[in-house]
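Visitor: I would like to learn how to read a structure feature by feature. Could you walk me through one?

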Amino acid sequence: MKTKLIAVAAIATTLTMGLSGCGSSSSSSSSSGSGGTIASKMIFGGPPEFKTRVDGIPGLEKNYGVTFGKYTVTDTGGPVTVNALKRGQVDAVDLFTTDPAIAANDFVILEDPKANFAAQNIVPIVSKDKATPGVRQVLNGIQSKLTTDGLGKMIGEVANAKKDPADVAKGWLTDNSLDTTGSSAKGVSLTVGSANFPENVILANIYAEALKAQGASIQTKLNIGSREKYYPALEKGSLDLFPEYTGTILTYIDKNATATSPADVYAALTKALPANLVALDQADAQDSDAVVVTKATAAKYGLKTIADLAKKG
């Protein structure tokens with residue numbers, strides 16, 4: 001696991017060094033210059049899917065009239081995105097609200113009064129044929145204990161204390177009395193996947209370790225990458241279990257989704273999933289997307305909400 005993390009970090013460093021040359025113009029970018037908006041003079045950094053996702057760049061344009069001058073592909077709320085913002089290679093980014101880098105770097109989250117970003121509750125997406133009563137019991141037990149504060153604490157242990165995500169996951173299971181051995185999932189074989197950011201890796205390890213303790217045969221494929229890479233594997237069955245976020249997985253599947261509240265998003269997701277996949281209980285824990293800028297940028301332009309980016313610059 002540590003070897004994998006070192007490799008990911010090395011790749012992230014390489015990507016960060018090349019960011020200044022990999023920006024792509026927004027498909028509907030407005031003109032920059034003295035007559036443009038604040039956003040039109042900015043470079044936005046985020047994962048590939050954010051550029052086309054309904055609550056990504058299209059949502060910011062539709063709900064707030066915000067159009068950035070340029071879009072640069074970074075990573076999914078990871079070190080490439082954080083470092084690009086710190087170094088001034090991008091002016092605004094998509095980060096998760098529980099990211100400890102926000103507080104550590106004194107970044108500013110712009111308020112989202114129009115609820116462009118839907119609820120993002122943690123939810124396990126499972127192959128229906130692997131979602132036995134025992135598997136459901138184990139995973140739903142985990143979901144009932146996950147909190148937003150607890151999630152942030154675990155991310156901090158990895159990002160700041162440099163702990164191994166697998167060790168953090170095991171510690172959380174122990175602290176919540178979910179590490180007991182048993183046989184409720186015996187006879188079930190599952191391949192558990194994760195995206196390539198610490199929080200998702202931690203959650204995948206929590207699921208994997210708990211199921212293993214209950215007799216399941218587990219393989220892991222961690223740090224896969226963006227949703228474009230792992231979701232097709234879930235659909236085809238080469239992955240059986242994945243920690244997801246209700247709002248983003250819904251809008252990825254259904255580009256016309258409009259639900260925003262936790263209950264409405266979850267209900268829409270259960271209907272939108274393909275027949276071979278099922279969403280188990282959603283946790284109270286949420287980790288929402290957010291438009292984030294540096295404190296200096298917020299002060300320079302008087303930014304408090306996303307709507308402020310549409311003001312004349």
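Guide: Gladly, and let us begin with a term: contact means heavy atoms within 4.5 Å. Keep in mind too that this is a predicted model. Now take Asp-284: leaving aside its neighbours within four places in sequence, Asp-284 is in contact with Asn-121, Gln-143, Leu-146 and Thr-148.

Visitor: Where is Asp-284 placed, and is Asp-284 buried or exposed?

Guide: Asp-284 sits in the loop between β10 (277-279) and β11. With a relative accessible area of 68%, Asp-284 is exposed, since the cut-off for exposed is over 50%. In space, its C-alpha is 7.5 Å from that of Ile-122, although 162 residues separate the two in sequence.

Visitor: What does the chain look like as a whole?

Guide: The secondary structure of the protein chain comes to 12 helices and 11 strands. The chain has 313 residues, and 51% of them count as buried. Among contacts between residues at least 6 apart in sequence, 78% join residues at least 24 apart.

Visitor: How should I read a helix that has a buried side?

Guide: Here is the general idea: an α-helix has 3.6 residues a turn, so residues three or four places apart point the same way. Helix α2 (residues 57-64) is our case, with Ile-57, Gly-59, Leu-60 and Tyr-64 buried. These four lie on the same side of α2 because they cover an arc of only 160° around the axis.

Visitor: Which elements do the buried residues of α2 pack against?

Guide: Their partners are β2 (43-46), β3 (70-73) and β11 (289-293). After α2 comes Gly-65, which has a positive phi, near 70°.

Visitor: Which residues other than glycine have a positive phi?

Guide: Asp-106 is one of them, with phi near 60°, and Asn-223 is another, with a positive phi of about 60°. Asp-106 is in the loop between α4 (100-104) and β5 (108-109), while Asn-223 is in the loop between β8 (217-221) and α9 (227-236). As for accessibility, Asp-106 is partly exposed at 41%, whereas Asn-223 counts as buried at 17%.

Visitor: How do I read a nonpolar core?

Guide: In soluble globular proteins, nonpolar side chains tend to be buried together. The largest nonpolar core here has 61 residues, and those that touch the most other members are Ile-122, Leu-139, Ile-142, Leu-146, Leu-190, Ile-206 and Leu-211. Helix α8 (residues 198-213) gives the most to this core, with nine residues. There is also a second, separate core of 20 residues, which includes Ala-39, Tyr-64, Val-293 and Leu-303.

Visitor: What does Leu-139 touch?

Guide: Not counting neighbours within four places in sequence, Leu-139 is in contact with Pro-124, Val-126, Tyr-207, Leu-211, Leu-241 and Leu-280. Leu-139 is also one of the buried residues of helix α5 (residues 133-143), together with Gly-134, Val-135, Val-138, Asn-140, Ile-142 and Gln-143. The buried residues of α5 pack against β6 (122-127), α7, β7 (189-193), α8 and β9 (241-245).

Visitor: How do helices α6 and α7 pack?

Guide: For a helix pair, look at the angle, the distance between axes and the residues in contact. Helix α6 (residues 148-159) and helix α7 (residues 165-175) pack at an angle of about 145°, and their axes are 9 Å apart. The crossing of α6 past α7 is right-handed. On the α6 side the contact is made by Met-154, Glu-157 and Val-158, and on the α7 side by Pro-165, Val-168 and Trp-172.

Visitor: And how do I read a polar residue that is buried?

Guide: Check its accessibility, then look for partners of its side chain. Thr-246, found in helix α10 (residues 246-253), counts as buried at 0% relative accessibility. Its side chain reaches the backbone oxygen of Ala-119 at 3.2 Å. Beyond residues up to four places away in sequence, Thr-246 touches several others, among them Gln-120, Val-265, Leu-269 and Gln-282.

Visitor: What joins the side chains of Thr-74 and Thr-81?

Guide: A polar contact of 2.8 Å does. Thr-74 lies in the loop between β3 and α3 (79-86) and is buried, with a relative accessible area of 9%. From C-alpha to C-alpha, Thr-74 and Gly-46 are 5.1 Å apart in space, with their places 28 residues apart in sequence.

Definitions and conventions: Residues are numbered from 1 along each chain as its sequence is written. This is a predicted model: local features need pLDDT of at least 70, side-chain atom pairs count only at pLDDT 80 or more; totals for chains, interfaces and linings use all residues. Side-chain values use heavy atoms; hydrogens and water are left out. Buried means under 20% relative accessible area, exposed over 50%, partly exposed in between (1.4 Å probe, protein chains only). Helices (H or I, at least four residues) and strands (E, at least two) are DSSP runs, numbered from the N terminus. The arc is that of the directions from the helix axis to the C-beta atoms. A nonpolar core is a set of buried Ala, Val, Leu, Ile, Met, Phe, Trp, Tyr and Cys residues joined through side-chain atoms within 4.5 Å. A polar contact is a pair of N or O atoms within 3.5 Å; within protein, one must be able to donate a hydrogen and the other to accept it, and residues adjacent in sequence count only if both atoms are side-chain atoms. Axes are lines fitted to C-alpha atoms, for helices over the stretch in contact, and angles run from 0 to 180 degrees between N-to-C directions. A crossing is left-handed if the near helix is turned anticlockwise from the far one by less than a right angle, and right-handed if clockwise.
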